[in-house]
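Subject: A structure for you to look at

Hello,

Here is the structure I promised to pass on. Please have a look at it first, and then read on for what I found in it.

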Amino acid sequence: MSTSGPLTRRKLPVVEDRPGGSLMNSHGELVRELKSLRKGRGVHAGRIGERIGPTLRVLCGVTEDDGPVAIREKLVARLTGLAEQLPGDMRLATVAAFALTADVRMPLYRDRVGWAAPRIDRDARTVRRRVDEAIDQLAELVVTIPLRPDGAWHTAELHVVVTLDRPQHEVLEQYRIVADHDGLHELDFASPAFELRGPLDVDVLYGGTLRAGGTARGRLSLAPPEPLAKGDTHAFAMRYRLPRPQVLRSYVVRELEQPCDLFDLRVRFARYRIPRQVWTLRDVTGPRGGHQQRVDRAGEIHQRFQRLLPGRSYGARWDGDEAGNEFDGHHCSCADRSAPRSTGFAEERVWSVS
């Protein structure tokens with residue numbers, strides 16, 4: 001997701017996935033910089049600008065013009081957001097290690113380790129190991145998860161219902177978003193039209209007004225009733241009617257632009273066209289793979305995902321073949337033209353959630 005204004009581009013360290021390349025170098029540098037940062041008072045140490053290394057500075061969005069207060073705010077926000085992606089014990093160890101909250105703002109690292117020990121029911125030595133494990137994962141996440149651009153908003157909850165049991169397929173989206181800056185007057189987001197050809201029937205059910213011309217290149221622009229202040233939540237709902245059943249070959253939600261706290265998905269298939277196989281996509285890096293999921297007796301699947309990561313795929317995909325399939329005592333053919341004939345990426349991606 002992004003707002004309608006221009007986004008500031010930040011130069012990030014080059015990360016390449018090859019043996020001996022800069023991926024390993026960046027990871028090692030970040031681990032060393034994070035271990036250095038946890039010493040003493042953590043993010044509240046004096047001369048904080050001198051305490052953070054160049055790689056962490058770039059990946060946390062710290063600029064040369066930032067003073068100590070701004071640097072600390074960016075470090076706390078970035079590390080807190082990344083820690084939310086970790087298991088509970090490692091998340092608490094991260095908060096303690098870097099003194100991210102007021103109740104653990106202690107002068108020495110060993111004091112904060114002692115604070116965390118009873119809270120995860122482990123001794124101090126184990127807490128230190130948890131911190132090391134957390135730092136290793138934070139170094140991976142800080143490269144993988146991009147910074148939210150200035151002026152951005154993010155999704156707290158997204159509920160999606162896809163109905164394939166009627167002549168005109170429909171997609172219903174219900175958003176609850178959070179504004180990340182003051183004066184947010186326009187929401188720009190991706191729509192199911194992302195890779196569809198032909199007209200698309202779009203309705204705002206509640207929560208704003210669709211701006212004219214906002215559907216260019218598969219994106220929509222929604223104006224909330226009143227400008228949003230930083231921290232405000234706002235709910236809105238969209239309904240899309242697809243021009244023809246053949247448009248929706250399979251269904252994949254993938255590569256969110258921002259972290260999302262909760263994504264709830266329901267798909268209802270036509271009872272005479274139940275796919276032979278349905279796969280759940282959870283935290284994968286493309287349209288393939290996933291775990292098989294059973295279609296219930298109503299012809300539906302229901303999936304619920306929490307703490308979604310950008311650049312990963314979440315949702316469902318389904319397949320069909322020429323063989324028949326039994327469902328609820330009725331014979332039905334899976335040779336459905338709405339199912340993909342191949343598993344190529346371009347055919348399987350239908351729309352992107354932002």
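Of the 354 residues in this chain, 47% count as buried. Please keep in mind that this is a predicted model. The secondary structure comes to eight helices and 15 strands. If you take the contacts between residues at least 6 apart in sequence, 71% of them join residues at least 24 apart.

**The cores**

A good place to begin is the inside. In soluble globular proteins, nonpolar side chains tend to be buried together. Here the largest nonpolar core has 39 residues, and L34, L37, I52, L56, L75 and F98 are the ones with the most contacts inside it. At least two residues of this core come from each of α1 (22–37), α3 (54–59), α4 (68–83), α5 (88–98), α6 (109–116) and α7 (124–144). The top contributor is α7, which gives eight residues.

If you would like one residue to click on, try L34. Leaving out residues up to four places away in sequence, L34 touches L56, L79, F98, I135, L138 and A139. Apart from this core lies another one, of 33 residues, and V171, I177, V202 and C260 are among them.

**Two helix pairs that share α7**

Two packed helices are described by the angle between their axes and the distance between the axes. How do α6 and α7 cross? Their axes come within 9 Å and cross at roughly 105 degrees, which makes α6 roughly perpendicular to α7. From α6 the contact uses Y109, R110, V113 and A116, and from α7 it uses A124, V127, R128 and V131. Sorted by class, these are six nonpolar, no polar and two charged residues.

The second pair is α4 and α7. These helices pack at an angle of about 105 degrees, with their axes 10 Å apart, and they are therefore roughly perpendicular to each other. Here R78, L82 and A83 of α4 meet L138, L141 and V142 of α7. The contact of α4 with α7 divides into five nonpolar, no polar and one charged residue. You may recognise L138, which is also one of the residues that L34 touches.

**The sheets**

Now to the strands. Strands of a sheet pair through backbone hydrogen bonds, either parallel or antiparallel. One open sheet has six strands in the order β4-β7-β2-β1-β9-β12, and its pairing is mixed. At the edges stand β4 (201–206) and β12 (300–308); each has a single partner strand, so one side of each is left without a neighbour in the sheet. From one strand to the next, the twist averages 15 degrees. Within this sheet, β9 (residues 260–269) and β12 run antiparallel and are joined by eight bridges. As an example, L262 has Q306 in β12 as its bridge partner.

Another open sheet has three strands, ordered β3-β6-β5, with antiparallel pairing. Its edges are β3 (187–190) and β5 (209–210), each with a single partner strand, so one side of each has no neighbour in the sheet. Four bridges link β3 to β6 (residues 219–223) in the antiparallel sense, and L187 is matched with L222 in β6.

One more strand pair is worth a look. Strand β10 (residues 277–284) pairs with β13 in the antiparallel sense over seven bridges, with V284 standing opposite S313 in β13. Is β13 mostly covered or mostly uncovered? Six of the seven residues in β13 (residues 313–319) are buried, so that strand is mostly covered.

**Three loop residues**

Finally, here are a few single residues in loops. L184 sits between β2 (170–179) and β3. With 2% relative accessibility, L184 counts as buried. L184 and A229 are 45 residues apart in sequence, but their C-alpha atoms are 6.6 Å apart in space.

The other two residues are noted for their backbone. Most residues other than glycine have a negative phi, and most peptide bonds are trans. A99, though not a glycine, has a positive phi of about 55 degrees, and D121, also not a glycine, has a positive phi of about 60 degrees. Which loops hold them? A99 is in the loop between α5 and α6, while D121 is in the loop between α6 and α7. A99 counts as buried at 0% relative accessibility, whereas D121 is exposed, with a relative accessible area of 62%.

Enjoy exploring, and best wishes!

Conventions:
Residues are numbered from 1 along each chain as its sequence is written. This is a predicted model: local features need pLDDT of at least 70, side-chain atom pairs count only at pLDDT 80 or more; totals for chains, interfaces and linings use all residues. Side-chain values use heavy atoms; hydrogens and water are left out. A nonpolar core is a set of buried Ala, Val, Leu, Ile, Met, Phe, Trp, Tyr and Cys residues joined through side-chain atoms within 4.5 Å. Buried means under 20% relative accessible area, exposed over 50%, partly exposed in between (1.4 Å probe, protein chains only). Contact means heavy atoms within 4.5 Å. Axes are lines fitted to C-alpha atoms, for helices over the stretch in contact, and angles run from 0 to 180 degrees between N-to-C directions. Angles under 35 degrees count as roughly parallel, over 145 as roughly antiparallel, 65 to 115 as roughly perpendicular and the rest as oblique. Ala, Val, Leu, Ile, Met, Phe, Trp, Tyr, Cys and Pro count as nonpolar, Asp, Glu, Lys and Arg as charged, and the others, Gly among them, as polar. Two strands pair if DSSP finds at least two bridges between them.
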